[in-house]
Amino acid sequence: QVQPVESGGGLVQAGGSLRLSCAASGSIGSIITMGWYRQAPGKQRELVASITTGDSTNYADPVKGRITISRDNGKNTVYLQMGSLKPEKTDVYYCDADGIQYPSGCRSNRAYWGQGTQVTVSS
């Protein structure tokens, strides 16, 4: 069973930077897409950025130019580098391991979610 675990959240001042990490353990295949989502209090979870095994990236329009996503396939880890952070209410960032390609040729489209890590940007 794939279990993503996020880390790196915390309190940061406006204009600062922060890097989040997510290690996904338990996979016996290739995790096709790993992504970062954020959820503000009382709102729906939304995509921040995602990356495939081939390092193809996808960014939400509001974060383009301020966020960089990367991954280490050997370590089953995805990173989210955030810069020029703006004041906002505390958000929870979730890591998603989406889709597994097995050596046998079989493919799973199931999504595995981490428990989240809080990020607060102070004014």
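These legends go with close-up views of a predicted model.

**View 1. Glutamate 6, a buried acid without a salt bridge.**
Here we zoom in on glutamate 6, which sits in strand S1, residues 3-7. Glutamate 6 is buried, yet no salt bridge goes with it. The nearest side chain of opposite charge belongs to arginine 45, and that one is 7.2 Å away. What does the side chain of glutamate 6 reach at 2.9 Å? That would be the backbone nitrogen of glycine 116. The backbone nitrogen of glutamine 115 is also reached by this side chain, at 3.2 Å. Setting aside residues up to four places away in sequence, glutamate 6 touches Ser21, Cys22, Trp36, Tyr93, Tyr94, Cys95, Gly114, Gln115, Gly116 and Thr117. Both Cys22 and Cys95 are on that contact list, and they take us to the next view.

**View 2. The disulfide between cysteine 22 and cysteine 95.**
The structure has one disulfide, and it joins cysteine 22 to cysteine 95 with the sulfur atoms 2.0 Å apart. The pair ties together distant parts of the chain, 73 residues apart: cysteine 22 comes from strand S3 (residues 18-25) and cysteine 95 from strand S9 (residues 88-101). Is the link left-handed or right-handed? With -85° about the S-S bond, it is left-handed. Cysteine 22 counts as buried because its relative accessibility is 0%. Cysteine 95 is buried too, again at 0% relative accessibility. For cysteine 106 the picture is another one: at 48% relative accessibility, cysteine 106 counts as partly exposed.

**View 3. The largest nonpolar core and methionine 82.**
This core holds 27 residues. Which of them touch the most other members? Leu20, Trp36, Val48, Val78, Leu80, Met82 and Tyr93 do. Two or more residues each come from S3, strand S4 (30-39), strand S5 (46-52), S7, S8, S9 and strand S11 (117-122). Take methionine 82 as an example: leaving aside neighbours within four places in sequence, it is in contact with Gly16, Ser17, Leu18, Leu20, Arg66, Ile67, Tyr93 and Val119. Leu20 and Tyr93, both in that contact list, are also among the core residues that touch the most other members.

**View 4. Aspartate 91 and its charged surroundings.**
Aspartate 91 is found in strand S9. Like glutamate 6 in the first view, aspartate 91 is buried and has no salt bridge. The nearest side chain of opposite charge is that of arginine 38, 4.8 Å away; the pair makes no salt bridge because the cut-off is 4 Å. Arginine 38 is still in contact with aspartate 91, along with Gln39, Ala40, Pro41, Thr117, Gln118 and Val119, once neighbours within four places in sequence are left aside.

**View 5. Two salt bridges.**
The structure holds two salt bridges. Which residue pairs with arginine 38? Glutamate 46 does, with the closest N and O atoms 3.2 Å apart. Arginine 38 counts as buried, as its relative accessibility is 16%, while glutamate 46 is partly exposed with a relative accessible area of 40%. In the other salt bridge, lysine 64 pairs with aspartate 61, and here the closest N and O atoms are 3.0 Å apart. Aspartate 61 counts as exposed, at 60% relative accessibility.

**View 6. Positive phi at asparagine 76 and serine 84.**
Two loop residues get a look here. Asparagine 76 has a phi near 55°, a positive value in a residue other than glycine. Where is asparagine 76 placed? It is in the loop between strand S7 (67-72) and strand S8 (77-82). With 24% relative accessibility, asparagine 76 counts as partly exposed. Serine 84 is no glycine either, but its phi is positive at about 50°. Serine 84 lies in the loop between S8 and S9 and, at 46% relative accessibility, is partly exposed.

**View 7. Serine 17 meets leucine 85.**
Serine 17 is placed in the loop between strand S2 (10-13) and S3. At 47% relative accessibility, serine 17 counts as partly exposed. Along the chain, serine 17 and leucine 85 are 68 residues apart, but their C-alpha atoms are separated by 6.4 Å. Not counting residues up to four places away in sequence, serine 17 touches Val12, Gln81, Met82, Gly83, Ser84 and Leu85. Among these contacts is Ser84, the residue with a positive phi of about 50°.

Conventions: Residues numbered from 1 in each chain as written. Predicted model: local features only at pLDDT ≥ 70, side-chain atom pairs only at ≥ 80, totals over all residues. Heavy atoms only, no water. Helix = DSSP H or I, 4+ residues; strand = E, 2+ residues; numbered from the N terminus. Buried < 20%, exposed > 50% of the residue type's maximum accessible area, 1.4 Å probe, protein only. Lys, Arg positive; Asp, Glu negative; His and termini not counted. Polar contact = N/O pair within 3.5 Å; in protein donor to acceptor, adjacent residues only side chain to side chain. Contact = heavy atoms within 4.5 Å. Disulfide = S-S within 2.5 Å. Core = buried A, V, L, I, M, F, W, Y, C linked by side-chain atoms within 4.5 Å.
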